[in-house]
Amino acid sequence: MSNIKDIAKLAGVSVTTVSRVLNEHPYVAEEKRKRVQEVMAELDYSPNRNAVDLSRGRTNTIGFVLPYNDHPWFDKVMNGVLEAAFAKCYSVVICPTGYDRAEEERYLRMLKTKRIDGLIIASRANDWKTIAPYANYGPIVACEYINDPLISCAYVDQFQAYTDGFQALKDAGHGRVGFTAGRAEQWSNSTKLKIMAYEAVFGELDAGLILQDCYDVADGKRAAESFLTLAEPPTAMYANGDEVAAGMHYYVTHRGLDVPRDIAILGEENLAIADVLDISTVDKNLREIGKCAVELFLSGKVEKKLVQHKIIMRNSI
């Protein structure tokens, strides 16, 4: 098997020159670079990429940490990350955790051992006190606001987005609104902020008006059934995703009720299914968050960048 000494001898250059060509060093005469590349092609030489990456001090690889790779919220952020990373010739390693702390720490150790250049974290299982020290080994960018001097973040103002959603329902004449969330508030800052936004708009929360562990169409059907069988059902439902909202819409319309005359529905994420079903939605600009996270990753600076949300009004409110 050929090595760089063989290449140097056949190309008539030094081993250092061959090494510089392999590491894409800019200060190599074009004639020498071409000669080395021709010899490598003749010998069918493939460099050990791990060794090359180690010598260069970078892998051009970003780790994207997310709990699940089949959820619309994370899928949209991931699409933004992939688009922006590929445009800069970076590879992306998808790092699903299932909200398992040990699995998440395994990806953090990949950063420490230089197997990746840094991490973009869409959602986390560990606290930031555990995660932040790893930023000493490479950039870490959060897709939520985090007030840590080591961590950049591309984020939407979740509290304001939720407040605007509830206010839109209140402005439409609704005083009793049921809403769904994902993880329980002790584990999820998003759920905590949504409860705070509800109380800021409507006052004290009736425990029957929130349903957690909702992620898909089936959960939306379950939520609608739960809300509409209350002794005093809500006149509007605010889903934590457009797939959940679609499940609500299905349950309501298949029982002969009209949207929005009998009950209003508001979703999140601005997915195609909301457009098809004419469901109003809070667009958190998730793809832009992913793209912005890559920009922050590549900047080499620790910055906090706000991405604006908007409410898209359709015919469900």
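The radius of gyration is taken here over C-alpha atoms, and the rule for a compact globule is 2.2 Å times the number of residues to the power 0.38. The structure is a predicted model.

**Exercise 1. Overall form**

Task: Set the radius of gyration of the chain against the value for a compact globule of 317 residues, and describe the box that the C-alpha atoms fill.

Solution: Begin with the rule, under which a compact globule of 317 residues would have a radius of gyration near 20 Å, whereas the chain has 25 Å. Next take the principal axes, along which the C-alpha atoms fill a box of roughly 85 × 40 × 30 Å. Then add the secondary structure, which comes to 13 helices and twelve strands. Finally, turn to the contacts with a separation of 6 or more, of which 66% are between residues 24 or more positions apart.

**Exercise 2. Burial and charge**

Task: State what share of the 317 residues counts as buried, and how the charged side chains are distributed in number and position.

Solution: Of the 317 residues, 48% count as buried, and the chain exposes about 15,600 Å², with carbon and sulfur atoms supplying 48% of that area. The count of charges gives 37 positive and 43 negative side chains, and the centres of these two sets lie 9 Å apart. Side chains of opposite charge can pair when their charged atoms come close. The structure holds 13 salt bridges.

**Exercise 3. A pair within one helix**

Task: Determine how Arg 33 and Glu 30 are placed in helix α3, and whether each is buried or exposed.

Solution: The two side chains form a salt bridge in which the closest N and O atoms are 3.9 Å apart, inside the cut-off of 4 Å. Because Arg 33 and Glu 30 are three residues apart in helix α3 (residues 30–43), about one helical turn separates them. Arg 33 is buried, at a relative accessible area of 13%, while Glu 30 is exposed, at 56%.

**Exercise 4. Pairs that link distant parts**

Task: Locate the partners of the salt bridge between Glu 83 and Lys 291, and those of the one between Lys 284 and Glu 268.

Solution: For Glu 83 and Lys 291, the closest N and O atoms are 3.7 Å apart. This pair links distant parts of the chain, with Glu 83 in helix α5 (residues 72–87) and Lys 291 in helix α13 (residues 286–299), 208 residues apart. Glu 83 is partly exposed at 38% relative accessibility, and Lys 291 is partly exposed at 24%.

For Lys 284 and Glu 268, the N to O distance is 3.5 Å. Here Lys 284 lies in the loop between β10 (280–283) and α13, and Glu 268 in strand β9 (residues 264–268), 16 residues away. Both Lys 284 and Glu 268 are buried.

As a last step, salt bridges that share partners join Glu 83, Arg 287 and Lys 291 into one network.

Key
Residues numbered from 1 in each chain as written. Predicted model: local features only at pLDDT ≥ 70, side-chain atom pairs only at ≥ 80, totals over all residues. Heavy atoms only, no water. Helix = DSSP H or I, 4+ residues; strand = E, 2+ residues; numbered from the N terminus. Buried < 20%, exposed > 50% of the residue type's maximum accessible area, 1.4 Å probe, protein only. Contact = heavy atoms within 4.5 Å. Areas by Shrake-Rupley, 256 points an atom, 1.4 Å probe, with all protein chains shown as cover. Lys, Arg positive; Asp, Glu negative; His and termini not counted. Charge placed at Lys NZ, Arg CZ, Asp CG, Glu CD.
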